[in-house]
Structures are given as structure tokens and as C-alpha cells.
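Q: I should like a close look at a single part of this structure, followed outward to its surroundings. Please treat packing, pairing and backbone geometry formally, and state each cut-off once.

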Amino acid sequence: MAVKIGDKTRSVIKRDSKVMINTTRESYPFVPDRGDGDFVYDIEGNRFIDFSTFISVYNIGVNANKEVRDAAKKQIDLLMHSAFTDYYNEKPVAFAEKLISFMPKGFGRVFFSNSGTEANEAAIKFAKLFTDRSHIIAFYGAFHGRTGGSLGLTASKAIQRKHFGPFPNVTHAPYAYCYRCPLKLEYPSCGIACADVIKKEILSKAVPENEVAAIFMEPIQGEGGYIVPPKEFVKKIRKTADDIGALLVADEVQSGYMRTGKFLAMENFGVDADIYTMAKSLGGGLPFAATVTRSSLGNIPKGAHANTFGGNLVAVAAANASLEYLRRNMKGLASGIMKRSSYMMRRLNEMKDKYDIVGDVRGIGLMIGVEFVKDKKTKEPAAEQVEKILLECFNKGLLLLPSGMSTIRIIPALNAGMDNIEKGLDIFEEAVAKISRG
Ligand SMILES: Cc1ncc(COP(=O)(O)O)c(C=O)c1O
């Protein structure tokens, strides 16, 4: 059904433009009101299938589920805030224990915060404390957040950094973006040469290796364009970190929480990091984040790091109910994600064969990106076409988000109904067909 936008929406957008500081608002006029599972309704009563999970926050469905909401409501009536970094409390501790049980063996300490950027700020500080070193290596295309430390690591769009530097003690290395190889090579004959740049160029010419505290990486780049590196790339980066005595930090803020069919996206690459950061879906819809460290790293000195709201009891209650849902449904969820994923990948790859503007389809599990180009040979990014496809889908009742230069990310709930996955893809294909005709 065609979406109808009226005065209610126009009025909110007008008032917003007068009082709110600019952020990254999408160009389509979406003002959500309520949601449930696969669907969200705007303030005009239009219904949308959600393929955005509201930026990877609703992995278990829009507005989470009743158990999550009830747990949060119950905690509101008991005690909302307990100053967890100052006073002891059993509930965040029990949640930390549960979270650790989802982690690879050997992980044993947790710090709670409220957002992805804070989880990464904590990881930066912990890595520096644990190694007594000060330099960080991150990757081009990375997005780790927008506060002082994490913004230094972010290198996804120049506008995000403009005016805010300098960012000392950070060096960026090429990421394995095989569709647009930064070294103009081809996988697999390249031998994953991009991963060697850290040793061959950065460490030999610019950064003494015994000054590197950590290498930060997203196992799959999110905001950078849903870029899936070859397994060997992640393995080589792990080895580089080991060879120079640096820690490997995996930012799982977007890729974690079963998005790829595994609790951590790193599990798809056969190596572990030393520190994991998580946020977004971890809070079941509330602001919540965690930095999880390898037990052997020990602890940080008392007073070196803390915050006000980390371990907030309402957020912990929601996070706990959501994680409990994952725990109970783990097997079925994992196989369901793979079933949905293979159906989606098949259809999207058919679209790639059919439409000139679909350049690349990539992803693991339900973290899928479709990159649009003006020409399959030149691979010129098709940013305007992406905007048009997003708007066309919105007008037909499908919510999607862009990422990178000209990629659309397809990230439905992990438990989305197959019928809605099919309907969503039908709307998407109609839009791609229309925009590709010009
Ligand atoms: C991989 C990754 N890290 C960190 C962040 C920052 O998270 P937040 O916006 O909660 O600070 C994001 C946000 O999109 C992200 O995708």
C-alpha cells in the first residue's frame, strides 16, 4: 500500500528543523510512532516492514518483545539507577556473568557504558593501560564512534572528522574492501597484501611496533559499506597484533549479537580478539554497551575509569531479558538466520545479474549490503540512485538505511517472518528495477 504523508509529519519535520542540531537524518520523511516485531507504524498510521532494525538496535524485532518490556517496567518501579560504578549491585554482575557465557573461552571482565562510542573509548583506555603503550592502528572505512578517542579511529567519511582533529597516536591501514581493492589487486591472487601494509609500511616507516597498544577492527565494516573481508585478512591482522605484542580489539557494536548467525561476527573468521565492544542490540532497545576483556589481561587500577550510568538497572533488566531470549532460542535462531540469509542472498544475487546498477552483494547471516554503481565496469558509486531507491522503498512501506558511498544495508530482525522478508524483497526489487530504468 502506498504510504501517505500528511500535515502531522510535515509539522514535526518543520519544528525539528528549528530547534534540533543537525545529525544524519535520512532524506525520507519518517516519523515513527509505534512498532511490533517486523512492523513499525508512523504517526500517520502508515505501516512499514522494517529492514533497518533501527540501526541494528532491534535485532529481536521492533520494540523488542514483551519479556524485555516487562522486565524494564518492573525494574522502573523498584529502582532505576543504582550508581553501579560506585555502589555494588547483583543485577549488573549477574548480567556480566551471563554475557561472559556467550563469549569465547578466556573472557572474564566487563565494563558497562551507554553507547558504542563509550564502549570503544573504554577499550582504547584499557588497551593503553594493559600494554603501557599509546598508539592505536585502525582501518580506513572504520566507524567506531564520534567522541574524542573513538572519532580518531573512525575513518569512514571525512565530514565526520572535519574540524575535530588533531587525533594523535592513531594510524590507519587499508581494509580488505575487495570489491574496490585499495591496492588495485584481485582476491585471492593478491595474497591479502592489504593486511601486510601494517608491517611493511606503517611499522617499518612510521610507528615503532613497541608503541602500538592495539589494532581496532570491525570484523565486518558497518557504516563503511557493509564490507566483509576474507577470512585470511582477519587472521593476518590477529597474527600481526600477536607478533608486535599489541591487543586486537573487535568492535562488534553493529556486527555482534547474532547479526551474522553467530553471537560475535569474529567467530566467522576463526580467531578471537582480546577485547570486544558491544552496544546497539545489547540493550534490548535501551542505551547500553559493554567492553569485554580477556581474563589474562587482568584489571585496571581503581579510579582509572568509571561513569555515571554504566550498569543502569533499567537497561540491565532489558538487556538481561533480551539475552535470555537469545539463550533460550539460540539454536532455532541460528538456523533461522541462515535460512533467511540464503533466501535473501539468492534473490539479491539474481538482482545483481539482472540490473546494471547492482554492483555487489555481500554479507554474512543477516548483515547484508548491496552496493550500487553507475556502471559495472567503472564501478562509479551510484549515490543518487541509492537515495532514490531508499525513497521509493519508503513510499511503498519498506524501511531501509544506506551505508558507505553507495550501499544499502539489509538488516531485518533475526526472527523476521519469512513472508515479510519476501514482501520486503519484492518492494526492494520493484524499486531497483524502476530506478535502474532511469
Ligand atoms: C561498529 C560501530 N561502532 C561504534 C558505533 C558507535 O555507536 P554509538 O552510536 O552507540 O556511539 C557504531 C554506530 O553506528 C558502529 O556501527
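The account that follows begins with the seven-stranded open sheet and then turns to its surroundings.

A: The structure is a predicted model, in which local features require pLDDT of at least 70 and side-chain atom pairs count only at pLDDT 80 or more, whereas totals for chains, interfaces and linings use all residues. Residue numbers start from 1 along each chain as its sequence is written.

The sheet is open, and its seven strands follow the order S4-S10-S9-S8-S7-S5-S6 with mixed pairing. Helices (H or I, at least four residues) and strands (E, at least two) are DSSP runs numbered from the N terminus, and two strands pair if DSSP finds at least two bridges between them. Strand S4 (107-113) and strand S6 (170-173) are the edge strands, each pairing on one side only. From one strand to the next the twist averages 20 degrees; axes are lines fitted to C-alpha atoms, for helices over the stretch in contact, and angles between N-to-C directions run from 0 to 180 degrees.

Within this sheet, strand S7 (residues 212-217) and strand S8 (residues 247-251) run parallel and are joined by four bridges. Phe216 has Val249 in S8 as its bridge partner. Helix H5 packs on the sheet, where it touches S4, strand S5 (135-139), S7, S8, strand S9 (275-278) and S10, and its direction makes about 25 degrees with that of S10. Contact here requires the C-beta atoms of two residues, placed from the backbone, to lie within 7 Å. Helix H4 also lies across part of the sheet, namely S4 and strand S10 (289-294), and runs at about 130 degrees to S4.

H5 (residues 116-131) is also relevant to the ligand: three residues of the surrounding shell come from this helix, the largest share. The 14 residues around the ligand include Ser115, Gly116, Thr117, Val253 and Gln254, which come nearest. A residue is near a molecule or strand if its C-beta atom, placed from the backbone, lies within 6 Å of it. The shell divides into three nonpolar, eight polar and three charged residues. In this classification Ala, Val, Leu, Ile, Met, Phe, Trp, Tyr, Cys and Pro are nonpolar, Asp, Glu, Lys and Arg are charged, and the others, including Gly, are polar.

H4 leads on to a second helix. A pair of packed helices is described by the angle between the axes and the distance between them. For helix H4 (residues 90-102) and helix H9 (residues 313-354), the axes come within 10 Å and cross at roughly 30 degrees. Their crossing is left-handed, a term that applies if the near helix is turned anticlockwise from the far one by less than a right angle. On the H4 side, Lys91, Pro92, Phe95, Lys98 and Leu99 meet Leu313, Val316, Ala319, Asn320 and Leu323 of H9. By class, the residues of this contact are seven nonpolar, one polar and two charged.

From H9 the picture extends to another open sheet, of four strands in the order S11-S12-S15-S14 with antiparallel pairing. S11 and strand S14 (401-403) are at its edges with a single partner strand each, so one side of each has no neighbour in the sheet. The twist from one strand to the next averages 30 degrees. S14 and S15 run antiparallel and are joined by three bridges, and Pro402 stands opposite Ile408 in S15. H9 packs on this sheet by touching S11, S12 and S15, and its direction makes about 165 degrees with that of S11. Helix H10 (residues 383-395) lies across S12, S14 and S15, at about 35 degrees to S15.

At the level of domains, the assignment gives domain 1 (7-63 + 334-437) and domain 2 (82-311); such bounds come from an automatic or database domain assignment. Their C-alpha centres lie 26 Å apart, and 27 residues of domain 1 are in contact with 21 residues of domain 2. On the domain 1 side, helix H2 (53-56), H9, strand S11 (358-364), strand S12 (367-372) and strand S15 (407-410) each supply at least two residues. That side has twelve nonpolar, ten polar and five charged residues.

Two cis peptide bonds lie in loops that flank S6. The bond from Gly165 to Pro166 is cis, with omega near 0 degrees, and Pro166 lies in the loop between helix H6 (148-153) and S6. Tyr187 and Pro188 are likewise joined by a cis peptide bond, with omega about 5 degrees; Pro188 lies in the loop between S6 and helix H7 (193-206).
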